[in-house]
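Student: Before we discuss individual features, may I see the sequence and the coordinates? I should like to learn how each feature is to be read.

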Amino acid sequence: MRRGGSLLSLFLASCTGVQNVLGGQGAEDTNFIRLFTVFMVVCTVMYLIVVAALVIAVWRKRTAALSVDDRKHHETSTAARRALVAWTALITVGLVGLTIASFFTDRSNAANGSRPQLSLTVTANQWWWDVEYNSPDASRTLRTANEIHLPVGVPAQVTLKSNDVIHSFWIPNLAGKQDLIPGRVTDAQLLPNKMGLFRGQCAEFCGVQHAQMALDVTVESKTDFDRWYAAQLEPARSPTNPLQLAGYRYVTTRECGSCHAIAGTPAGGQVAPDLTHFASRRSIAAGALPMNRGNLYGWVADPQSQKPGNHMPTVGLASNDLHAIVAYLEALK
Ligand code: CUA
């Protein structure tokens with residue numbers, strides 16, 4: 001009973017939340033919900049007919065066993081033949097109907113993605129997302145990680161790649177899944193039609209931290225998106241006090257900068273999330289921890305205890321270095 005209750009609350013939470021297949025905040029997701037409803041209705045009707053036929057058959061068999069009457073037997077077999085013809089016709093109509101519904105859903109999804117106004121490249125890594133916004137103008141391209149911002153009502157084309165194993169790109173509120181495969185380029189189309197904060201999740205088992213490979217998705221007005229984009233194009237903020245300066249020196253000259261890039265500083269590593277505007281994000285470590293000072297301390301001090309197996313080593317920082325690094329990272333708005 002208790003387990004039933006918690007399962008129910010889990011189900012209800014998933015229906016209202018930021019990660020919800022039945023959310024309908026994207027054009028593709030709305031199409032899928034419609035198609036799902038059609039399938040559900042057709043299959044439910046078919047199921048009820050089968051169950052009803054079964055009950056009738058069992059009932060008939062019982063009464064027939066009581067009387068052995070030739071005329072009655074003949075009537076019964078004619079009725080059975082008619083029922084069989086009707087049933088076959090119904091199945092044919094049902095299957096053709098489902099095929100047509102699937103066809104139009106596919107067509108509609110393809111049409112939504114045919115004129116993208118925004119181009120992104122998302123590269124999956126164990127266990128984080130590298131995100132690039134592409135532009136023909138090189139000064140307008142930008143790089144971030146573990147988050148996507150999208151303007152509402154604007155179709156976006158997402159090019160998908162993987163650096164290691166197969167992952168799957170999935171923002172349930174907006175669209176269906178698409179695999180990211182090493183050595184191959186795939187793509188997905190997003191057309192969000194409602195504003196909100198959503199959660200994307202890797203949907204293909206990719207190693208021990210597969211579950212903690214999430215993506216913060218913000219769908220906002222065009223104005224807010226443009227403001228965010230302009231802020232992201234800026235180089236990293238400079239340190240403004242001695243503590244931040246000490247952090248800046250550590251991050252850009254010691255271990256951190258060989259993996260992480262911070263635009264406008266000597267830190268130019270390419271194998272870990274870009275940190276240029278790190279503190280403007282909602283979470284740390286691909287959705288593993290909410291962005292706040294306590295979690296930042298925990299993460300920088302010992303990433304292996306926070307997300308075991310991830311590729312960020314526990315460096316063994318002295319406490320003054322830890323304070324300095326956290327102060328500097330917090331300034332990277
Ligand atoms: Cu990446 Cu699961």
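Student: How much area does the protein chain expose, and what share do carbon and sulfur atoms supply?

Tutor: Accessible areas come from the Shrake-Rupley method with a 1.4 Å probe, and for residues only the protein chains shown count as cover. Here the protein chain exposes about 18,500 Å², and 62% of that area is supplied by carbon and sulfur atoms. Note that this is a predicted model: local features need pLDDT of at least 70, side-chain atom pairs count only at pLDDT 80 or more, and totals for chains, interfaces and linings use all residues. Residues are numbered from 1 along each chain as its sequence is written, and side-chain values use heavy atoms, with hydrogens and water left out.

Student: What percentage of the residues is buried?

Tutor: Buried means under 20% relative accessible area, exposed over 50%, and partly exposed in between (1.4 Å probe, protein chains only). Buried residues make up 38% of the 333 residues in the protein chain.

Student: What is the radius of gyration of the protein chain, and what would a compact globule have?

Tutor: The radius is taken over C-alpha atoms, and the globule rule is 2.2 Å times the number of residues to the power 0.38. For a compact globule of 333 residues this would be near 20 Å, but the protein chain has 28 Å. Along its principal axes, the C-alpha trace spans about 105 × 45 × 35 Å.

Student: How many helices and strands are there?

Tutor: Both are DSSP runs numbered from the N terminus: helices are H or I with at least four residues, strands E with at least two. The protein chain contains nine helices and twelve strands.

Student: Which faces do the side chains of strand β8 point to?

Tutor: In β8 (residues 186-190) the side chains alternate. Thr186, Ala188 and Leu190 point to one face and are buried, while Asp187 and Gln189 point to the other and are not. Two strands pair if DSSP finds at least two bridges between them; β8 is joined to β5 (residues 156-162) by five bridges, and the two run antiparallel. Within β5, Val158 stands opposite Ala188 of β8.

Student: Where should I look for backbone angles that deserve attention?

Tutor: Consider the loops. The peptide bond from Gln126 to Trp127 is cis, with omega near 0°, and Trp127 lies in the loop between β1 (118-125) and β2 (128-134). Asn146, in the loop between β3 (142-145) and β4 (147-151), has a positive phi near 60° although it is a residue other than glycine. Asn146 is buried, at 7% relative accessible area. Ala285 also has a positive phi, of about 60°, and is placed in the loop between β11 (283-284) and β12 (289-290). Its relative accessibility is 14%, so Ala285 counts as buried.

Student: How many aromatic pairs does the structure hold?

Tutor: A pair of aromatic rings is described by the distance of the centres and the angle of the planes. Rings of Phe, Tyr and Trp (its six-membered ring) pair if their centres lie within 6.5 Å; planes under 30 degrees apart count as stacked, over 60 as edge-to-face and the rest as tilted. The structure holds nine such pairs. The rings of Phe103 and Phe104 have centres 5.2 Å apart and planes at 80°, so this pair is edge-to-face. Phe103 is partly exposed at 44% relative accessibility, and Phe104 is exposed at 52%. Elsewhere, ring pairs link Tyr133, Phe225, Trp228 and Tyr229 into a cluster.
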